[in-house]
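Please look through the sequence and the model below before reading on. The report that follows takes up backbone angles, strand pairing and helix packing in turn.

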Amino acid sequence: MSMTGQGPAGEHDASADGPVGGTGSAPAVAGPPDAAPPAGKGSGRFWSPRRVPAAVVAALLAAGAGLLLYDIAAVRAHRPAMHWRRVLARQLAERPLDDTWVRVGAGVAAALGLWLIVLAVTPGLRDLLPMRRPHPGVRAAIRRGAVALFLRDRVMEVSGVRDARVWMGRRKADVRVVSHFRDLDDVRADLDTVLAEAIRDLALARPPRAAVRVARPGRKG
């Protein structure tokens, strides 16, 4: 796995974009650093920089503040206030608090503020699964899609498996298999063994739980 980017105190962050193990590897991309756990433990969640929401909020605040400051300066220079500010001041003075539009505006402002708070206190980057840290200066993660592809490749190697689908969550791997021969219990037992070994090979900080479903192919027609 290649490394790009460097965090504080010489830490390196990397995340794999493609499958690992016997199916090849993909270039790594840099991930924003957070507090470094002790060596040998998990990398911890990667925090999203959220540049787009921050840029949008900053641009809106700068535009609003600039427009308001310009209007205030114009009034100080004995010029009439802008029409929108006179209308807004009159509406705020005349409309009661239980007015429908006042409630709608308050609800929109509260929802926007709650959204910004959620963005500020949550890590984001849910697609990245942190990996174990054998060295304190290295942090690594792998994408859920790559894990799902890797597990599917390992599942397809089991005798009797005709088709397989893997959905990878942050805590659970949902594996659905179609077996066209062999006893289903035998196939499920082999799948449990193979998946346990594959998940162990991935070296994830929090190994997911594998939920396996084995079925016969449906009838044609």
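## Two loop residues, a strand set and a helix pair

At 77% relative accessibility, His78 counts as exposed, where exposed means over 50% relative accessible area, buried under 20% and partly exposed in between, with a 1.4 Å probe and protein chains only. This is a predicted model, in which local features need pLDDT of at least 70 and side-chain atom pairs count only at pLDDT 80 or more, while totals for chains, interfaces and linings use all residues. Residues are numbered from 1 along each chain as its sequence is written, and side-chain values use heavy atoms, with hydrogens and water left out.

Most residues other than glycine have a negative phi. His78, although not a glycine, has a positive phi of about 65°, and Arg182, also not a glycine, has a positive phi of about 75°. The table sets out where each of them lies; helices (H or I, at least four residues) and strands (E, at least two) are DSSP runs numbered from the N terminus.

| Residue | Phi | Loop | Relative accessible area |
|---|---|---|---|
| His78 | about 65° | between helix H1 (51-76) and helix H2 (83-94) | 77%, exposed |
| Arg182 | about 75° | between strand S6 (172-179) and helix H5 (184-202) | 27%, partly exposed |

Strand S6, which precedes the loop of Arg182, is paired with two other strands, where pairing requires that DSSP finds at least two bridges between them. Strand S5 (residues 161-168) runs antiparallel to S6 and is joined to S6 by seven bridges, and a hairpin of three residues links S5 to S6. Within this pair, Met168 stands opposite Ala173 of S6. Strand S7 (residues 209-215) runs parallel to S6, again with seven bridges, and Asp174 has Ala211 in S7 as its bridge partner. Together, S6, H5 and S7 make a right-handed β-α-β unit, right-handed meaning that, with the strands pointing away from the viewer, the path from the first strand over the helix to the second runs clockwise.

Helix H5 also packs against helix H4 (residues 144-156), at an angle of about 140° and with the axes 10 Å apart; the axes are lines fitted to C-alpha atoms over the stretch in contact, and angles run from 0 to 180 degrees between N-to-C directions. The contact, defined by heavy atoms within 4.5 Å, includes Phe150 and Arg154 of H4 and Leu195 and Glu197 of H5. By class, this contact has ten nonpolar, no polar and three charged residues.

Definitions and conventions: Ala, Val, Leu, Ile, Met, Phe, Trp, Tyr, Cys and Pro count as nonpolar, Asp, Glu, Lys and Arg as charged, and the others, Gly among them, as polar.
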